[in-house]
Amino acid sequence: MALSIFQFLLFSISLCFLASSFQDLLLLSVNAQSHNLTQPSVTPINYDLYHSSDNLMEEIRALVHRHPDKLTTETIKAGNKGYGAEVTVVTYCKEKKGNDERSKLRILISFGQHGRELITTELALRILSILSEEKILPSMDQASLNSALDKLVIKVVPMENLNGRKVVEAGDLCERRNGRGVDLNRNWSVDWGKKEKDYDPYEENPGIAPFSEPESQIMRKLAISFEPHLWVNVHSGMEALFMPYDHKNSTPDGLPMQRMRSLLEEVNQLHCQERCMIGSGGGSVGYFAHGTATDFMYDIVGVPMAFTFEIYGDGTASSRDCFKMFNPIDLATYNRVLSDWSATFFTIFKLVPQKLGDSKASILKLDKLVSIDEYLDGYLMERRNRYGKKMEVLELGMQEIRTYFRLFLLSSVLLLFMFCSRISKSKCRPIVSAIPL
């Protein structure tokens with residue numbers, strides 16, 4: 001009897017052990033399946049095609065070093081609240097003598113504003129290589145191209161969002177924002193901060209205030225000092241040639257719109273085979289973008305021709321496969337995109353002087369257009385550069401300064417109105433005799 005009880009206990013323990021082991025195996029299988037479902041395979045960065053950010057910038061610096069007669073470079077740094085950024089600017093200008101830049105037509109082009117769009121920075125390198133004449137455009141007459149380039153000053157920002165690009169290279173292939181999670185193409189002051197119904201903070205976080213980000217501050221300062229006649233913000237995600245506006249479904253009126261549309265239609269016919277979308281960014285894409293660089297360049301800086309170009313997009317890619325969605329993944333497509341769009345830009349370099357004509361000297365002066373918000377942002381940025389961290393206290397009070405200034409203006413207007421009303425009433429008051437008649 002005692003033996004049978006002992007056997008029964010051993011049998012029960014064995015059953016419990018087997019059940020526990022089976023449950024553990026089942027959980028491992030479920031977890032593995034769940035992991036496979038939540039972690040779909042995505043296309044990694046192909047470094048056989050693409051440069052890393054460090055290698056690309058190193059190659060650009062070497063290119064500039066080899067061609068000091070045509071190219072110069074500078075690195076501009078800024079920072080606030082413990083976050084710093086730097087933007088490298090490459091300038092193409094032949095026969096740099098004194099103030100020669102001001103007599104030429106000025107072009108400013110920015111690439112890599114969104115970290116995940118690697119193909120745009122590759123295009124920047126290709127354009128600079130052609131400007132240096134280390135590469136050529138087979139379809140374009142070199143003599144006529146050189147004649148057109150002699151009349152231009154071109155500033156190229158090869159990688160506006162270096163910090164965001166580092167995040168992408170670390171594995172977050174869908175990241176478009178900068179190093180602290182702000183979308184640099186929503187951080188400008190024209191219609192800043194407005195959120196649509198489908199607003200996604202991961203995609204479109206505008207920051208805590210217009211120009212809160214060092215990258216945007218640097219680009220604004222560059223645009224104000226350079227006063228370009230042509231601005232192009234280069235992106236990927238689709239194929240399109242956009243003009244203002246991004247924040248509403250309309251384009252500028254009159255001659256400016258006609259000039260911009262004429263240029264884009266000619267480019268679309270020559271290089272896009274009519275497949276590129278043309279129109280306002282807000283009216284064409286299907287959603288409004290608020291606080292964009294192109295709207296600021298056109299409305300505030302007064303750039304006669306301000307564009308956003310989208311140079312590539314794979315509509316068949318999964319929404320989680322961001323590298324494939326925004327960048328070519330095979331050699332043939334990669335080379336085609338760079339060849340087609342570099343040819344597009346050099347066609348534009350030849351056409352812009354013709355389209356602008358005599359109006360290229362009529363850049364609107366920013367000092368007549370700056371709002372109080374812009375002034376305070378610019379003032380604090382300049383002061384911070386001079387005095388460093390001490391100015392962070394003033395930055396924290398920027399919103400209060402704006403509020404008090406507006407209240408001061410409002411109260412002044414009300415007091416002036418009351419004063420004028422009082423004077424008007426005293427003049428209209430009838431004269432009453434002291435002695436009753």
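## Two disulfides, a buried glutamate and the fold around them

Let's start at a sulfur bridge: the torsion about the S-S bond of Cys 174 and Cys 322 is about 95°, so this disulfide is right-handed. The two ends come from distant parts of the chain, 148 residues apart. Cys 174 sits in the loop between helix H5 (162-169) and helix H6 (201-204), while Cys 322 belongs to helix H11 (residues 322-326). Please keep in mind that you are looking at a predicted model; here the S to S distance of the pair comes out at 2.0 Å.

How covered are these two cysteines? Cys 174 has a relative accessible area of 19%, and because buried means under 20%, Cys 174 counts as buried. Cys 322 is buried too, with a relative accessible area of 4%.

How many disulfides does a search of the whole structure find? The answer is two. Besides the bridge we began with, Cys 272 and Cys 276 are joined, with their sulfur atoms 2.1 Å apart. The torsion about the S-S bond is -60° for this link, which is left-handed. Both Cys 272 and Cys 276 are buried. If you number the bonded cysteines in sequence order, the pairing reads 1-4, 2-3. Another cysteine to look up is Cys 93, which counts as buried because its relative accessibility is 0%.

From the bridges, let's move to a residue that carries an annotation. In an unreviewed entry, UniProt lists Glu 310 under "active site". You will find Glu 310 in strand E8, which covers residues 305-312. Is Glu 310 buried or exposed? Its relative accessibility is 13%, so Glu 310 counts as buried.

The surroundings of Glu 310 are worth a look in your viewer. Leaving aside residues up to four places away in sequence, Glu 310 touches His 235, Ser 236, Gly 237, Met 238, Glu 239, Ala 240, Phe 242 and Trp 341. Ser 236 appears again when we turn to polar atoms: the side chain of Glu 310 reaches the backbone nitrogen of Ser 236 at 3.5 Å.

Next, follow the chain to Val 337, which lies in helix H12 (residues 331-356). With a relative accessibility of 2%, Val 337 counts as buried. Which residues does Val 337 touch, not counting those up to four places away in sequence? They are Ile 119, Ile 311, Tyr 312 and Pro 328. Two of these partners, Ile 311 and Tyr 312, fall within the 305-312 range of strand E8, the strand that also holds Glu 310. The partner Ile 119 is 218 residues from Val 337 in sequence, yet the C-alpha to C-alpha separation of Val 337 and Ile 119 is 8.5 Å.

Now we can step back to the whole protein. The protein has 15 helices and eight strands. Of its 437 residues, 47% are buried. The link between Val 337 and Ile 119 spans 218 residues, and the overall contact count gives some context for that: among contacts between residues at least 6 apart in sequence, 79% join residues at least 24 apart. Finally, the accessible surface of the protein comes to about 22,500 Å², and carbon and sulfur atoms account for 59% of that area.

Terms used:
Residues are numbered from 1 along each chain as its sequence is written. This is a predicted model: local features need pLDDT of at least 70, side-chain atom pairs count only at pLDDT 80 or more; totals for chains, interfaces and linings use all residues. Side-chain values use heavy atoms; hydrogens and water are left out. UniProt positions are given in the numbering used here, feature names are shortened, and annotations may be inferred rather than shown by experiment. Helices (H or I, at least four residues) and strands (E, at least two) are DSSP runs, numbered from the N terminus. Buried means under 20% relative accessible area, exposed over 50%, partly exposed in between (1.4 Å probe, protein chains only). Contact means heavy atoms within 4.5 Å. A polar contact is a pair of N or O atoms within 3.5 Å; within protein, one must be able to donate a hydrogen and the other to accept it, and residues adjacent in sequence count only if both atoms are side-chain atoms. A disulfide is a pair of cysteine sulfur atoms within 2.5 Å. Accessible areas come from the Shrake-Rupley method with a 1.4 Å probe; for residues, only the protein chains shown count as cover.
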